[in-house]
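Me: I have a structure to go through with you, and I'd like to hear the reasoning behind each label. Could you take my questions as they come?

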Amino acid sequence: MQAIEFQNVGFFYRSDEENGETKKNEVLRGLNFTVEKGSFVALLGRNGSGKSTLAKLINGLLVPSSGKVSVFGLDTADKKNLFEIRKKAGMVFQNPDNQQIASIVEDDVAFGPENVAMPREQIKISIDAALKATDMEKYRYSEVAKLSGGQKQRVAVAGAIAIESEILIMDESTSMLDPKGRKEVMDVIKTLNEEKGMTVIDITHYMDEAAEADYVYVLDGGSIRLHGTPEEVFAKKEVLRACGLELPRAALIAEKLRRAGVPLSSSILDNESLAEELCESLRKN
């Protein structure tokens, strides 16, 4: 079942020129993009490639200039569908401080359920489940402002879970975090995807995150330049580099070791695979 479908979608912003004429700043063009329910999709691209615009089109923050965007079959251009779409597709943004609604964790997570008129008896159940899923139960009565960046993002994720979102859109949500905070958030996201079946869209500059996805799309100049499994996408190194992107760190290290004569496969994308093949190579020697 398709959770998200873009059909020949284009989007442009209008801006006024000095002579009074209106100029169209095209961001996306002819975009065909699908995400299956329960999948983990990474969306890559340099700054200005259209990634964040695509994310905002999914939950109706923006409406396509042409074409059609559907979320579980609901047309995002139909205003009658927006309430349901925004319940289904939760977003976590880049800066955790900009997402804080209340000063206490429990109240912050409760904001979403209250805002969608969830029955009072259900709100507590949803908050409990969301805090448990994000491993934030012990911080229920803590001040959000005193949490680490990774913990604040986990509170934001909990807020999306509490309104029973089926899709979680991570709009460069780990870019302002240190490695520890990034790992905390991604561990939660992977658990939600693998154990709860939540559909995840991870918009990221971190290739190591993309290597863990089920499927990868690469945007370049408002169009999809590459798509496929991580193995398929990262095998096209020159195209990636032309899009301003690099390989995951483990793949870069493996590439340099192969050049130095170490017999390693070209499919290495993560630290575990690199370590296993290095150990096997040492045993043979």
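Me: Which residue of β8 stands opposite I167?

Reply: I167 stands opposite T199 in β8. Before we go on, please keep in mind that this is a predicted model.

Me: What makes β7 and β8 a pair of strands?

Reply: Two strands count as paired if there are at least two bridges between them. β7 and β8 have five bridges, in the parallel sense, so they qualify as a pair. On the other flank, β3 and β8 also pair in the parallel sense, over four bridges, and L43 stands opposite I203 in β8.

Me: And how do you know that β6 belongs with β7?

Reply: By the bridges again: β6 and β7 (residues 167–171) share four, in the parallel sense. Within that pairing, A89 stands opposite I167 in β7.

Me: What is the order of strands in the open sheet?

Reply: The six strands run β6-β7-β8-β3-β9-β10, with mixed pairing.

Me: Why are β6 and β10 said to stand at the edges?

Reply: β6 (89–92) and β10 (223–228) each have a single partner strand, so one side of each has no neighbour in the sheet. From one strand to the next, the twist averages 20 degrees.

Me: Why is β8 described as mostly covered?

Reply: Five of its five residues are buried. T199, I201 and I203 point one way from the strand, V200 and D202 point the other way, and all are buried. For the general background, side chains in a regular strand alternate between the two faces of the sheet.

Me: Which strands does α6 lie across?

Reply: α6 lies across β3 (40–44), β7 and β8 (199–203), and runs at about 135 degrees to β3.

Me: N193 sits in that helix, α6 (residues 179–196). Why is N193 called buried?

Reply: Buried means under 20% relative accessible area. N193 has 9%, so the label buried applies.

Me: What is N193 in contact with, beyond its neighbours within four places in sequence?

Reply: N193 is in contact with G38, S39, F40, M198, V200 and D214. With G38 there is more to say, as the side chain of N193 reaches the backbone oxygen of G38 at 3.1 Å. A polar contact needs a pair of N or O atoms within 3.5 Å, and 3.1 Å falls inside that cut-off.

Me: Is S49 buried or exposed?

Reply: S49 has a relative accessible area of 2%, under the 20% cut-off, so S49 is buried. S49 is found in the loop between β3 and α1 (51–58). The side chain of S49 reaches the backbone oxygen of R46 at 2.8 Å. Setting aside neighbours within four places in sequence, the contacts of S49 include V27, L28 and L219.

Me: What makes D135 partly exposed?

Reply: Partly exposed covers the range between the 20% and 50% cut-offs. D135 has 47% relative accessibility, so D135 belongs there. D135 is found in the loop between α4 (120–133) and α5 (149–162), and has a positive phi of about 60 degrees although it is not a glycine.

Me: Where does E164 lie, and why does E164 get the label partly exposed?

Reply: E164 lies in the loop between α5 and β7. The relative accessible area of E164 is 48%, under the 50% that exposed would require, so E164 is partly exposed. E164 is not a glycine, yet has a positive phi of about 65 degrees.

Me: How do you know that the buried residues of α10 line one face of the helix?

Reply: The buried residues of α10 (residues 249–259) are A250, A251, A254 and E255. Seen down the axis of α10, they fall within an arc of 140 degrees, so they line one face. These buried residues pack against α9 (237–242) and α11 (271–284). The face turned away from the buried side carries the exposed residues R249, K256 and R259.

Me: Last one: how many disulfides does the structure hold?

Reply: The structure holds zero disulfides. Looking at two cysteines by their accessibility, C243 is at 0% and so counts as buried, while C279, at 41%, counts as partly exposed.

Key. Residues numbered from 1 in each chain as written. Predicted model: local features only at pLDDT ≥ 70, side-chain atom pairs only at ≥ 80, totals over all residues. Heavy atoms only, no water. Helix = DSSP H or I, 4+ residues; strand = E, 2+ residues; numbered from the N terminus. Buried < 20%, exposed > 50% of the residue type's maximum accessible area, 1.4 Å probe, protein only. Contact = heavy atoms within 4.5 Å. Polar contact = N/O pair within 3.5 Å; in protein donor to acceptor, adjacent residues only side chain to side chain. Disulfide = S-S within 2.5 Å. Axes fitted to C-alpha atoms, helices over the stretch in contact; angles between N-to-C directions. Arc of directions from axis to C-beta.
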